[in-house]
Amino acid sequence: MLAVRRTRHHNGRAELTAYRETCAGGEWQLYVAGEFDDATTGSLADVLDDACRERARRIVIDCSAVTFADVAFLRALLTPHAHDVQVVLAAPSGALRRLLQATGTVSRFPVTNCAGSVPTG
């Protein structure tokens with residue numbers, strides 16, 4: 001059974017849906033969509049902080065619908081690494097791939113091309 005937490009940024013540019021296994025230390029699954037910058041990345045950062053506090057072992061993030069991402073988004077993605085939590089990017093969009101390549105952080109994240117592996121509803 002998965003506990004569901006949905007968050008939508010007030011300006012409607014970004015959406016985040018998080019699913020978490022109920023067992024301690026489990027896998028968290030996130031779906032993110034839209035534009036992520038300083039103004040819209042806060043919800044993602046909060047959920048990733050929660051995952052770290054609850055000792056998640058792995059976070060899988062479906063990034064197939066990310067249309068824009070800047071360094072604020074990248075900072076949020078890198079935060080779990082400091083807590084030894086693996087972050088896997090599922091089907092990263094072209095916008096996210098460009099950010100990872102431009103910043104030299106491609107190798108920091110395992111990638112799966114399975115879009116939709118994270119439930120969105």
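In what sense do E4 and E5 pair, and over how many bridges? Hi everyone, let's start there. In this predicted model, the two strands run parallel, with five bridges between them. If you want a spot to look at, find Val 60, which stands opposite Val 88 in E5.

Now step over to E3. E3 and E4 also pair in the parallel sense, this time over nine bridges, and Ala 33 has Ala 65 in E4 as its bridge partner.

On to the connections. E3, H1 and E4 form a right-handed β-α-β unit, and E4, H2 and E5 form a right-handed β-α-β unit as well.

Let me say a little about each helix. H1 has 12 residues, which at 1.5 Å a residue should span 16 Å, and its end C-alpha atoms are indeed 16 Å apart. Its buried residues include Leu 44, Val 47, Leu 48 and Ala 51. Just after H1, have a look at Arg 55, with a positive phi of about 60°.

H2 begins with a nice detail: a side-chain oxygen of Asp 70 comes to within 3.0 Å of the backbone nitrogen of Ala 72. Further along, Phe 73, Ala 76 and Leu 77 are among the buried residues of H2, and the cover over that buried set includes E3, H1, E4, E5 and H3.

Finally, the core. The largest nonpolar core holds 29 residues, and Leu 30, Val 32, Leu 44, Ile 61, Phe 73, Leu 89 and Leu 96 touch the most other members. Strand E2 and helix H3 are among the elements that each supply at least two residues of this core. Leu 44 of H1 is worth a zoom: its contacts include Leu 16, Leu 30 and Val 32, along with Phe 73, Ala 76 and Leu 77. Thanks, everyone!

Technical notes:
Residues numbered from 1 in each chain as written. Predicted model: local features only at pLDDT ≥ 70, side-chain atom pairs only at ≥ 80, totals over all residues. Heavy atoms only, no water. Core = buried A, V, L, I, M, F, W, Y, C linked by side-chain atoms within 4.5 Å. Buried < 20%, exposed > 50% of the residue type's maximum accessible area, 1.4 Å probe, protein only. Helix = DSSP H or I, 4+ residues; strand = E, 2+ residues; numbered from the N terminus. Contact = heavy atoms within 4.5 Å. Expected span 1.5 Å × (residues − 1). Polar contact = N/O pair within 3.5 Å; in protein donor to acceptor, adjacent residues only side chain to side chain. Pairing = 2+ DSSP bridges. Right-handed = clockwise from strand over helix to strand, strands pointing away. Lists of a residue's contacts leave out its neighbours within four places in sequence.
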